[in-house]
Each structure stands twice: as C-alpha cells, then as structure tokens.
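Me: I have a structure open and some terms to sort out. Can you take me through the reasoning behind them?

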Amino acid sequence: MESLLRSSNAFAFHPVLLHPSRIGVRSSKITFASGWQPIFKKARQIENIKYPSLKIHAKQSSESLLEKEMESSFENSVGSPFPLGVSESEEGINFAIFSKHAFSVTLFLKYENSESFEISLDPQRNRTGDIWHICLERLPRAGVLYGYKINGPKEWEKGHRYDNNIILLDPYAKLVSGRNFFADTQNKKCDFLGTFDFEKSAFDWGDEYKLPNIPENELVIYEMNVRAFTADKSSGLDPNLSGSYLGVIEKIPHLLELGINAVELLPIFEFDELEFQRFPNQRDHMINTWGYSTINFFAPMSRYASSAGPLAASDEVKQMVKAFHNAGIEVILDVVYNHTNESDDKTPYTTSFRGIDNKVYYMLDFENNAKLLNFSGCGNTFNCNHPVVMDLILDSLRHWVTEYHIDGFRFDLASVLCRDTNGSPLKSPPIIKAIAKDEILSRCKIIAEPWDCGGLYLVSNFPNWDRWAEWNGKYRDDIRRFIKGDIGMKGSFATRISGSADLYQINKRKPYHSVNFIIAHDGFTLYDLVSYNSKHNDANGEGGRDGCNDNISWNCGFEGETDDINIKNLRSRQMKNFHMALMISQGTPMILMGDEYGHTRYGNNNSYGHDTHINHFQWSELKAKREGHFRFFAEMIKFRHKHSILKRERFLSKSDVTWHEDNWGNHDSKFLAFTLHDEKFGGDIYLAFNAHDYFVNISIPPPPHQKSWYRVVDTNLESPNDFVTEGVLFKSGRYNIAPYSSILLEAKP
C-alpha cells in the first residue's frame, strides 16, 4: 500500500486531538441507546483535557430512566491510515478509507436505532497520501453502523462519479448491515452500511479441529448454492434454518453419502438480492439468487444466516465451514472480482466504489466520455490490476482464509483479471501472479474461469505459475458432443478423458489443473441437457434473448417433459454415460447440485433470478430417485475414490493406457474402448463408450495375469444392475454394447 502515501507530511501518525474548528459534527439532537450512557458518564469525569473537544448534544434513549439532555465530551484523534477499514487501537476506533480524487470525506455514524450524526474530516490533518482517516476515542466497540459521504470533481469525462448525497459502504467493512430478511420486499431500498464488533470473543474452532488439506488430484467438487440447497419445504428443516448456512450443516450427511469431498459455494459475499427491483424494468419480478453481484468483498451474505444480522452471518459461516471440515469436506468459494453490483452509467446503483473513486476502481473508456468498459457483461469491469484494487483483492482473499478458514477460490470470469487498467490483455497479470505467490494463499486451491464477456478466452493459456487450475470449457464441449453422438469427436473425447495433455502438459502443470465439468450453475442442468434442444428462458423477462444459444444438447427425441418410456430410458442412460465419463477422466471432476437426482429447470439455462423450485434442491425428488439415479451417481464417485489410476498426478504415458482402436481417422465412428493399466496392483480397468444408435459387438481383451474381468457398470441396465460394486464375473470374450451406453470392467483375482 506504499503507493497510497504521497504527501510530504504523510508520516505524522501520532494521535493528536483535533480542535473543533477542524472537525465538524452535524446533528441537532442525537438519541443514543442506553449502551452509550456509561461512556458519557465516564467522559464527564475526565478533567484537564489539553485540547478543546467536540461537543455533542445527546438525548437519553427511551430505555433510560433519565429523560434529559446531556452534553458530553467526545475526543477525536487524527488516526492512522492503516489498516484500511475499521480497527481498534489504544486510542479508540480507527476509520480509514482510500479516495485519491476526493475533495472532502464525511464519516457517517449511527448507533442502532438512534439518530445519525456526521463528522467532516479535515483534508490537512485527516489525510495521509490518498487515505482519509480518523480515530474516535469513546465510540462503542459494537453496535455502530457507519458509512461515508464523499465529494470530488464533477468531471464525468475524466471518470468521476461523485455524489455526496449518497452514504457509501466502506470497501473494507468486514461486516455489512442491510435488510434483515432475504427478499423482504417491504425493505427494497435499504442502505448497506458497515458495522463492527470488537467485544465478541474469538470463534471456537475446537481442540480437535483441523483443515482437511485434500490433495488436488483427490478432489471431487460439488458446485452448490447455499440458499437453494435447503430453501424448499421438501428439505424438512425448520423454517428458521431452511435456506441458511446452518441449514447446509443439516444436509452434510447427504453430501457424504454422495461421496464428494469439496463444495464450491456460489457467491456468499454480501449482495443485494432485490437489485432488479430498484425501478420498473423487464426483470423487476426477479430475485438475484446466484449472487454474482458483489456489494462488498469482505463481508458474508447476511441474509443467508438463520438469525438476522451480519454478526450472526459471520458466526454461522464459521460454523458451516467447521462442520464441513469435521466431515472431511473442503470449502471453495466462487468469488466475483470482475465486476460489482454498481451496474452501468445508464442505470447506476451507487453503493460504494463508484462514489468513492470511480476512476480508480473501474476500467473506463476515455475515448468515449469515460464510459464504463464492460468485459463482465454486467455493466462495469473492476480495475483488478490497479495497485489499489490489487491490494483490496488480496486483502479480501487473505481475510477469508484467515478469518473463515476457506480452502480455495474459483474466480468468476477470471480473464478480466488478466487485463490492464485500459482493458488490454496482459501476458503476466500482476494480480494473477500475486495470488499464485502469496504466502497466506499458498495452501489454497485457486481455480480460474478462463474467459470473460469481452472475448478473452484463455483455456489452456491462462497465466498460471504452475498454481492455477482452470475450468476446462473444452472438456465440457467435447464430452457433450461425443456422448450425444456427433461425428468426428472420438479423438477429442479420448484426449479430454486422458487429462487434456494438449492443453495442460506444459512446465509443471498437472492433470488436476483441468477442472473437468459437463454441467455448471449457468447453462442446462444434466437432466435438461438430455431433454431440451433449445433454451426456454421466457420466465426471465427478456424475451428469451438471455442465456447461451448453443448448449450442445440433445433432447433424445422430444422437447421437454414426456411420458414416452423409451425416451425416458434413453435420457437416463445418457445422464449415466455423462457421469461415468466424468468420473473416469484424469483431472478434477466437478458436478452440479441437484444433478445427483436429475434436477430440471424446465429448459431455463440462465436461472439466476428465480428463488423458486427452478433453482431449489428438491429433496422429495431425491427420495424418489435414491435407489436408482442417485445410487448410480454415488457409486461412481466412490469408485473413483478407490482407484488411484483414475486420478493420476502425472499425464498418461503409453504404458498407462491401451487404446483398442486402429482406425482413428474414421470420421463416422462414435465408439471408443480402452484399458487403463494398474502396473502396481494389476487392477486394470476396461472402458467402452458407444454413442451410436445401434448395438456394437466387441471383443474384450484378456485380463491381466491371474485376474478375471468383472462387470461393474453397464449403463443400459436398470438399477441395481447398472452398477454392481463387487462386480459380476464376466467370462465371455465378447460384449454386445447397447446404443448410447457404456460399460466398465474391473480386473480382480
């Protein structure tokens, strides 16, 4: 942060009491809650104060027995520029905020339900370089809400968007107070203010607590939404727990039964779920349930707590992480540093960064009236490689690791983080390198979504320093094409399930740096992938214009729901084929919440704004599918865990695999068979995928010495025969593989 210090008197950090002529306090009569009474009583006892102190006229709260006005001394010192945000020192509560271009900064304070008051900071005394700061010596250590009013140049064409009528949220606020209840439409236009609690004791992680520290090649990731996981009535939870962090804890046994060992949580940073309802528009019926619209990068989403308020949210996140860790499950956060909630210049939603220093925090097009650049598709682009913004991102990540024990991060539209302050691509982005090299983050998994909405597609070319993993979009596309029966995909299919060496076998990168997925939160669910040829997004209010048009999907002969048993059986086989391909692939597999029972969004491939059954996990459906679809999914995951040859830490060599193929150039072939060799224990695995619409009769190679083949999987068979854990002895030398199906044989004594 040295770059923020620019003035010649920048290093006079010793506290000095400010003369009232230097700090203005605006409040006629301020009603304080009873918690302030002992503070004011103590202040009356202080004698011989060296400097005149601020005079605040206060009226006791209705809770007090005293119904008279009182005058209190309120000492203030210059404060310190570091750390940014709110901190406690021997002198009191310190406030520090960056704003390079501001003319004036006013601290706004409010105690619980009292009236508010404001303190104007003196730019000569309360500014060090580009940081404004003040220390309040008798402010309560908890229960205070705060924000800033900031004024500066009105020169739009130079990138400034100052409006000192707006109370702005501190970017470094560790706790954020907003509305108390999720989607409370009676409180749509609430203020989002920072708060703090220096009285609360540290969270008890427990004597036996330890981090899972799961090797990357061992991970099976489950992408999920905290609220949607238990919000539905079918969860059977108490209404106070459903849709909350604590609600997730109640369902950890399900995740253990499924077999995953890492959750990737859709954004849990504070966001405004009612942002679409700020003014009449085509999306004003929507509720942001995905959370990709960050208000603050340090504070947990308060309305995901079972109890109201940011303090409860902070505590419950820790309880949830602790419960996951005690169950042997790591916690990865989906983080959105590519843009914020503040929208564009046409419909701005100024809550923080825009009003603090728009020119610093956002990428701007100075050749077009300083218009916000939009590489995120959401109206603005965070200026991630500006030194100030870099520090904020790193401080945020460290905070989540040290305070909440988070195990890793998936970076949404991470290619934005590879652009300079003008939006041009960088070969060696400072923020990407800093994250990779940071000591505190060194134990964390770091995963990039290596593209953005400006066309910067960096799959396999994402700057990585041998640390960054990537969502492998090419894996998703090639697996979809082969399984649904596209021609000419056999070679690509083989490459992808082998670990995508063509993409990642460079320097010290490993197969597990490819995060393999077929389904993610955006796009079709697995069920919809085999049930719809086209998106059906009318419910989103944009006339079907939103969402991806090319889903590489196949409805198996009918669009949407059907009673045709043959189509339903084909869809079931295809879902099992996809899942088996994912679980036998080298790399790190990721599945989406709900795919384990076949969740449908009825063809909506962009369901970010529906706080309904469209996104909510349907526990009744899980119960109905437990002995069939779910069982297959769970058994395949557990099979992967048991077999090290499916999760190698190095790329396959010629001795690791035998391809039973002598006609790779056959463009029309949709069949692939191969054997993975276990040289250490002889537990070879034979696999065959048939994407033709007819049976393929094949010759099975002999098993290793003193071993026999056992059929573990045939996706054409009904449960429980589709997956037999102990295997069924297979003595024949040939196998007739059904259309759109796959088999797995295991060599055992």
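Reply: Start with a definition. A polar contact is a pair of N or O atoms within 3.5 Å; within protein, one must be able to donate a hydrogen and the other to accept it. Keep in mind that this is a predicted model.

Me: What makes the pair of Gly159 and Asn358 a polar contact?

Reply: The distance comes in under the cut-off. The backbone oxygen of Gly159 lies 2.8 Å from a polar atom of the Asn358 side chain. The limit is 3.5 Å.

Me: Why is Asn358 called buried?

Reply: Buried means under 20% relative accessible area. Asn358 has 1%, so the word applies. Asn358 is part of helix H6, residues 353-361.

Me: Which residues does Asn358 touch, leaving aside its neighbours within four places in sequence?

Reply: Gly159, Arg161, Phe353, Leu364 and Leu372 are in contact with Asn358. Contact here means heavy atoms within 4.5 Å.

Me: Why is strand E8 said to be largely enclosed?

Reply: Count its buried residues. E8 covers residues 104-111, and 6 of the 8 are buried, so the rest of the structure largely encloses this strand.

Me: How do you know that E8 pairs with E12 and with E9?

Reply: Two strands pair if there are at least two bridges between them. E8 and E12 (residues 142-151) have 8 bridges, in the antiparallel sense. Thr106 stands opposite Lys149 in E12. E8 and E9 (residues 116-120) are joined by 5 bridges, also antiparallel. Leu107 has Ile119 of E9 as its bridge partner. Both strands pass the test.

Me: What links E8 to E9?

Reply: They form a hairpin, with 4 residues between the two strands. Glu112 sits in the turn and has a positive phi of about 50°.

Me: What makes the barrel closed, and how do E15 and E24 come into that?

Reply: The barrel has 8 strands, in the order E15-E16-E17-E20-E21-E22-E23-E24, with parallel pairing. Neighbouring strands are turned by 25° against each other on average, direction ignored. Now take the two ends of that list. E15 (residues 221-224) and E24 (residues 588-592) run parallel and are joined by 3 bridges. At least two are needed, so these two strands pair. Tyr222 has Ile591 in E24 as its bridge partner.

Me: Which helices lie across strands of this barrel?

Reply: Helix H5 (residues 310-326) is one of them. H5 lies across E16 and E17, at about 135° to E17. Helix H13 (residues 565-584) lies across E23 and E24, at about 150° to E24.

Terms used: Residues numbered from 1 in each chain as written. Predicted model: local features only at pLDDT ≥ 70, side-chain atom pairs only at ≥ 80, totals over all residues. Heavy atoms only, no water. Axes fitted to C-alpha atoms, helices over the stretch in contact; angles between N-to-C directions. Buried < 20%, exposed > 50% of the residue type's maximum accessible area, 1.4 Å probe, protein only.
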